[in-house]
Amino acid sequence: MIFANQSVSGEIKTKIRKPAVAGAFYPSSAKALQSMIESFLKKAQSPEIKDAITGIIAPHAGYVYSGGVAAYAYKVLQGRKIKRVVVISPSHVEYFSGAAVYDGTHYETPLGLIPVDAEFARKLAKKSDRLELSEHGHTINFQGRGEHALEVQLPFLQVVLDDFQLVPIVMGEQSYETARALGRALADLIEDDRTIIVASSDLSHFHSYQKAIELDKKVINAIKEWDYYNLSRNLQGRIWEACGGGPIVSLMIASEYLGATEARLLKYANSGDVPMGDKSRVVGYAAFVFVKAKKASANDESFSLDRKAQRKLLEIAKKAVETAVEKGGVYEPSADGIESIMQDRGAFVTLKINGRLRGCIGYTAPLKPLYLVVRDVAIQAATADPRFSPVTPAELPLLEYEISVLSPFRHVRHVNEIKIGRDGLLIKKGANVGLLLPQVPVEWGWDRETFLQETCRKAGLPRDAWQDEDADLFRFSAFVFGEG
């Protein structure tokens, strides 16, 4: 069999990926397309960024819905000397393992041909067995369907940039492991500030206007806080929503290794914000830029709660336990308008009697508002800790309550970043995950190496697994308070 891009002699010829959604997601006329994009860019009020940029996040819906938001991301690229653009998209058309780097020579839009950086693509595909040089996810199938999430980014790039080469990547699945492999491979190959990465992603789908804002805020906060561990985990668990979560995590990991220090939100909106937009079923959109800011971001600032918030959370924990133990019911608390406890945070509740542990359960991920997390884990600490029998009514007056509110998780690149007494640790290697709170090494008198070893042991891994190339360490702090 002879393919369209191959001669009888085996010589590789031009292989062009034709437009699949021109005339549907964006105009098929070059003049109308150019005019529409320029109109979007003129209206976008993006700040001037003088620092180097590693990448952007842009939405991928039809231009009439998301083009105005995408323009905020693309406007920061205008005037920059970019020679290569890596565009990462999810696959809506075809499922396959890993990620496919396009094996052709060009992508085409109504604005013309874009050459593929074939040499970079080949090198990238060789970096991991989760990456392949392939047309999977790129081709237009027999029904005429082709992946739109990558394609819709290209006309914007053609308008804001001079000549550039493209590295088109479609993720057939969006596991943490594939995103990690892609992000690290890109960081290894990108040598200067003339290559940028575009992560193509919309946010929540088909919720009411207000519900979409609530859901999208969770994803946006995780990106701003650079917590790609919990972002990936909650997207894979379908707790949060972003159809391009894998591309976002890949970009965050690559940007981390390339020296970016800040993820800046440029614009958020949803499809209900456009004229005549239906607010009953909307899709969320965000534009981000990743910046090598000269001044470090505030991501590592310690999280804290004022006394009013602390008293309220302790009250919720106590009433939740009493309601569960005495009545077998679930306490329904109010946040009393305290903004800090209405934010999504992970937390642990520890119960003790006469200083001895009686139960401890927590959520490491920011799954819901803090005051509800404290309610839930307090009940579980009293009734469902497998190490102890359930708390009895007679024990209620004896219980001592301690609450640990977790900060976002930050990847540990060098173990000397870890500070005993400040940091908790989480290790992830494949399906094995283990976590220890910051109090643990202090209570046991461990040094840093012992702390690392015990975290590995908690995950069911060898004690030296923290040194493995396939293992990731994340640190976090905990704001700890109790009745005393």
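Helices and strands are DSSP runs, of at least four residues in state H or I for a helix and at least two in state E for a strand, and they are numbered from the N terminus. The views below show a predicted model.

**View 1. Asn354 in the loop between β13 and β14.** The loop that holds Asn354 connects β13, residues 347–353, with β14, residues 356–363. Although Asn354 is not a glycine, its phi is positive, at about 55°. The relative accessible area of Asn354 is 70%, and the residue is therefore classed as exposed, the cut-off being over 50%.

**View 2. Arg238 and Cys243 in the loop between α8 and α9.** Arg238, which is not a glycine either, has a positive phi of about 60°, and with a relative accessible area of 76% it is exposed. Cys243 also lies in this loop, between α8 (228–236) and α9 (245–258). Beyond its neighbours within four places in sequence, Cys243 is in contact with His60, Pro90, His92, Gln174, Ser201, Asp202, Leu203 and His205. Asp216 stands 27 residues from Cys243 in sequence, and the C-alpha atoms of the two are 12 Å apart in space.

**View 3. The packing of α8 with α9.** The axes of these two helices come within 10 Å and cross at roughly 165°, which makes α8 roughly antiparallel to α9, since angles over 145 degrees are counted in that class. The crossing of α8 and α9 is left-handed. On the α8 side the contact is made by Tyr228, Leu231, Ser232 and Leu235, which meet Gly245, Ile248, Val249, Met252, Ile253 and Glu256 of α9. Divided by class, the residues of this contact are 7 nonpolar, 2 polar and 1 charged.

**View 4. The packing of α3 with α6.** Helix α3, residues 118–125, and helix α6, residues 176–189, pack at an angle of about 130°, and their axes are 10 Å apart. At that angle α3 is oblique to α6, and the crossing of the pair is right-handed. Phe120, Lys123 and Leu124 of α3 make the contact with Leu182, Ala185, Leu186 and Leu189 of α6. By class, this contact holds 6 nonpolar residues and 1 charged residue, with no polar residues.

**View 5. The packing of α10 with α11.** Here helix α10 (residues 307–327) packs against helix α11 (residues 370–383) at an angle of about 40°, with axes 8 Å apart, and the two helices are therefore oblique to each other. The crossing of α10 and α11 is right-handed. The contact brings Leu313, Ile316, Ala317, Ala320, Val321, Ala324 and Val325 of α10 together with Leu370, Tyr371, Val374, Arg375, Ala378, Ile379, Ala382 and Thr383 of α11. By class, the α10 and α11 contact has 13 nonpolar, 1 polar and 1 charged residues.

**View 6. Ile223 and the largest nonpolar core.** This core has 72 residues, of which Leu124, Ile169, Leu186, Ile223, Leu231 and Phe290 touch the most other members. Leu124 and Leu186 also appear in the contact of α3 with α6, while Leu231 takes part in the contact of α8 with α9. Leaving aside residues within four places in sequence, Ile223 is in contact with Ile57, Leu231, Ile248, Met252, Ala263, Phe288 and Phe290. A second core, separate from this one, has 51 residues, among them Ala44, Ala61, Leu154 and Leu161.

Technical notes. Residues numbered from 1 in each chain as written. Predicted model: local features only at pLDDT ≥ 70, side-chain atom pairs only at ≥ 80, totals over all residues. Heavy atoms only, no water. Core = buried A, V, L, I, M, F, W, Y, C linked by side-chain atoms within 4.5 Å. Buried < 20%, exposed > 50% of the residue type's maximum accessible area, 1.4 Å probe, protein only. Contact = heavy atoms within 4.5 Å. Axes fitted to C-alpha atoms, helices over the stretch in contact; angles between N-to-C directions. Parallel < 35°, antiparallel > 145°, perpendicular 65-115°, else oblique. Left-handed = near helix turned anticlockwise from the far one by under 90°. Nonpolar A, V, L, I, M, F, W, Y, C, P; charged D, E, K, R; others polar.
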